[in-house]
Amino acid sequence: MMKKSGIAAALLGMAMLAGSSVASAQVKQVYWTTSGKFGPFPITGLIPTIPQDKQRDVTVPVSMWVVDHPKGLVVIDTGNNVAISDGMDNCKKYWAAANCDFLKPSQTRNDVIDRQLQKLGHSTDKVKAVISSHAHLDHAGNIEMFPNAIHVFQKKELYQGWWPEKFQGRAANGTFVLADLDNARDFNYLELQGDYDLYGDGSIQILSTPGHTLGHQSVKLKMDSGRSIIISQDAIWMQENLDGHPAGLNYSVQDYTNSLNRLKFMRDLEGAEILMAHDENQYAKHGGKWHK
Ligand SMILES: [Zn+2]
């Protein structure tokens, strides 16, 4: 009798221990911030199929995320390169003038990811992993600020960042900026070919969502609180894309549509919340703060 209850107690203890270790390995909180804004410009510049009655000018965030996890701090996307901060003149020295003129970036030096981390009480050298959704100028702009982190990319996206398809433009200062990547070649890359569970506990799931670019990826977070948050980045720019108007910049429209639907079904079946990279209204409501 004694022995049996002793075993039962031990088992119960183990179960409780397992339970508590699972709970503590989820994401504690995630901070949503922006590397300045783009705009204002007509929404049709991004989404050409918007019907006339829904057309408007937009000023959109350039979303970056800081994920607080017991196994190590994670940054998702690093925004525009620091060199384009504080005015058009700086922008045009680093980006193609046409991109500066269209996007009208408002990034100041204090908006850049290193300063954003400082504001939150962290520093670039404390970041364990940097997940880049893709290699475009407004998403992987500052990976070179993280020489000691593990950099998580889809392998195909690295190929594309270095050698885009001709139809996407191959200028060294195009939408893929060679100078954002050139000193990062010897960094430590986790080169993915599909989905990946970053910390092996289901809390930070990298989802392959190609279409916008060849190797775009999104991230699903399981929060301590029980919430599921999908950080779509450019798999879904903004609400109008969810409403069925496809983005005007795609490597493959078919892949883009499949990826968008994948995230939509996760929302509908799992009850996950989708937070989008360039949605002005959603950022106004939920940006600039920690989410638990
Ligand atoms: Zn973007």
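**Exercise 1. Which residues touch the most other members of the largest nonpolar core?**

Solution. The model is predicted: local features need pLDDT of at least 70, side-chain atom pairs count only at pLDDT 80 or more, and totals for chains, interfaces and linings use all residues. Residues are numbered from 1 along each chain as its sequence is written.

Step 1. Apply the burial cut-offs: a residue is buried if 20 or more other C-beta atoms, placed from the backbone, lie within 10 Å of its own, exposed if 12 or fewer, and partly exposed in between. A nonpolar core is a set of buried Ala, Val, Leu, Ile, Met, Phe, Trp, Tyr and Cys residues joined through C-beta atoms within 7 Å.

Step 2. The largest core has 63 residues, and Trp65, Val67, Val75, Ile76 and Val130 touch the most other members. Strand β2 (residues 57-68) gives the most to this core, with 7 residues. Helices (H or I, at least four residues) and strands (E, at least two) are DSSP runs, numbered from the N terminus.

Step 3. Take Ile76 and set aside its neighbours within four places in sequence: Ile76 is in contact with Met64, Trp65, Val67, Ile131, Ser133, Val219 and Ile231. Contact requires C-beta atoms, placed from the backbone, within 7 Å.

**Exercise 2. Trace the open sheet and find its edges.**

Solution. Step 1. Two strands pair if DSSP finds at least two bridges between them. On that basis 7 strands form an open sheet with mixed pairing, in the order β6-β5-β4-β3-β2-β1-β12.

Step 2. β6 (188-192) and β12 (289-291) are the edge strands; each has a single partner strand, so one side of each lacks a neighbour in the sheet. From one strand to the next the twist averages 25 degrees.

Step 3. At the β6 edge, strand β5 (residues 150-154) pairs with β6 in the parallel sense over 5 bridges. Phe153 has Glu191 in β6 as its bridge partner.

Step 4. Helix α5 (residues 155-162) lies across β5 and β6, running at about 85 degrees to β5. Axes are lines fitted to C-alpha atoms, for helices over the stretch in contact, and angles run from 0 to 180 degrees between N-to-C directions. Glu157, Leu158, Gln160 and Gly161 are buried in α5. These buried residues fall within an arc of 165 degrees, so they line one face of the helix. The arc is that of the directions from the helix axis to the C-beta atoms. Their cover includes β5, α6 (178-181) and β6.

**Exercise 3. Describe the two sides of helix α8.**

Solution. Step 1. α8 (residues 253-270) has 18 residues and reaches 25 Å from its first C-alpha to its last, close to the 26 Å expected. The expected span is 1.5 Å times one less than the number of residues.

Step 2. Tyr256, Ser259, Leu260 and Leu263 are the buried residues of α8. Their arc is only 95 degrees around the axis, which puts them on the same side of α8. They pack against β9 (217-222), β10, α7 (239-242) and β11 (273-276).

Step 3. The face turned away from the buried side carries the exposed residues Gln254, Asn261, Phe265, Asp268 and Leu269.

**Exercise 4. Locate backbone exceptions.**

Solution. Step 1. Most residues other than glycine have a negative phi, and most peptide bonds are trans.

Step 2. Asp86 has a positive phi of about 65 degrees and is found in the loop between β3 (73-76) and α2 (88-94). Asp86 has 16 C-beta neighbours inside 10 Å and so counts as partly exposed.

Step 3. Gln233 has a positive phi of about 45 degrees, in strand β10 (residues 228-233). With 29 such neighbours, Gln233 counts as buried.

Step 4. The peptide bond from Gly39 to Pro40 is cis, with omega near 5 degrees; Pro40 is found in strand β1 (residues 29-42).

Notes: Contact = placed C-beta atoms within 7 Å.
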